[in-house]
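Trainee: I have a model open and want to learn how to read it. Where do we start?

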Amino acid sequence: AELMSMEGMAGKLGYYESMGGDYRLADQAEARMRAVTAADIQRVMNKYFKLNRASVVVYRPTKSKATGLDSKGWQTWLQAAVPTQAVVDPGQVIAGGITRFKLSSGGVLLVKPVHHSPLVAAQFQFDGGQRLEPPQLCGGMSLLARTLLKGVPGMDAPALAQAMDDLGLALGPQVDADRFSLGVQALSDKLAPSLALAARKRVV
């Protein structure tokens, strides 16, 4: 909005000239922010976001009792409130720019970054398929694949289709001789709700 009027533009340029000594910083600020990586943020957080740097302010009614905690007691209390950090597999880079991660569940995650479009494509594969079907249930996996998009708990087929359209989500179940898979294509900025919707699919 500040660039839509001469007054706004003058105010912005004047701000950077007075604060940074160079009006051209107005054009550089966004580029600099976009250049910040997740690793940069993590590095700064690890440096400054420490419990011994924390300030605690307690607002309480005048008639209530004081907590009785000194600085050491508060630090112990805050330390207990910090969630335990999970051990993250750093991954192993293999051919073609793919990184291989070993999940705690025993599964394997393969990741290949592609930045030319704001999409995330994923393929979930499970042991399954016709070879694991008992004779009396022959064709059961194929039936599952064909009916997987016909509804989920709390959603019938039209509601599921509408939710997928709203998210720009594409789901594709497949089955072959030795595996059952689910393909997912989602917009990167809607990945979390898209995966949450895909996770609602259960085999009952």
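Trainee: How many bridges join strand 2 to strand 3, and in which sense do they run?

Mentor: This is a predicted model: local features need pLDDT of at least 70, side-chain atom pairs count only at pLDDT 80 or more, and totals for chains, interfaces and linings use all residues. Residues are numbered from 1 along each chain as its sequence is written, and side-chain values use heavy atoms, without hydrogens or water. Strands (E, at least two residues) and helices (H or I, at least four) are DSSP runs, numbered from the N terminus. Two strands pair if DSSP finds at least two bridges between them. Here, four bridges join strand 2 to strand 3 (residues 108-111), and the two run antiparallel. Arginine 100 has leucine 110 as its bridge partner in strand 3.

Trainee: What lies between those two strands?

Mentor: A hairpin turn with five residues between strand 2 and strand 3. Glycine 106 there has a positive phi of about 100°.

Trainee: Which strand 2 residue is the bridge partner of glutamine 92?

Mentor: Arginine 100. Strand 1 (residues 92-94) pairs with strand 2 (residues 98-102) in the antiparallel sense, over three bridges.

Trainee: How is empty space found, and what is the volume of the largest pocket?

Mentor: Rolling a probe the size of a water molecule over the atoms shows where empty space is left. A pocket is an open set of points on a 1 Å grid over the protein atoms alone, where a 1.4 Å probe fits, with protein on both sides within 12 Å along at least five of seven lines; lining residues have an atom within 4 Å of a point. Volume is the space filled by probe spheres set on the points, which are joined across faces, edges and corners. The largest pocket has about 990 Å³. Its lining has 27 residues, and Leu109, Leu110, Ala121, Ala122 and Gln123 are the closest to its centre.

Trainee: Which element gives the largest share of the lining?

Mentor: Strand 4, with eight residues.
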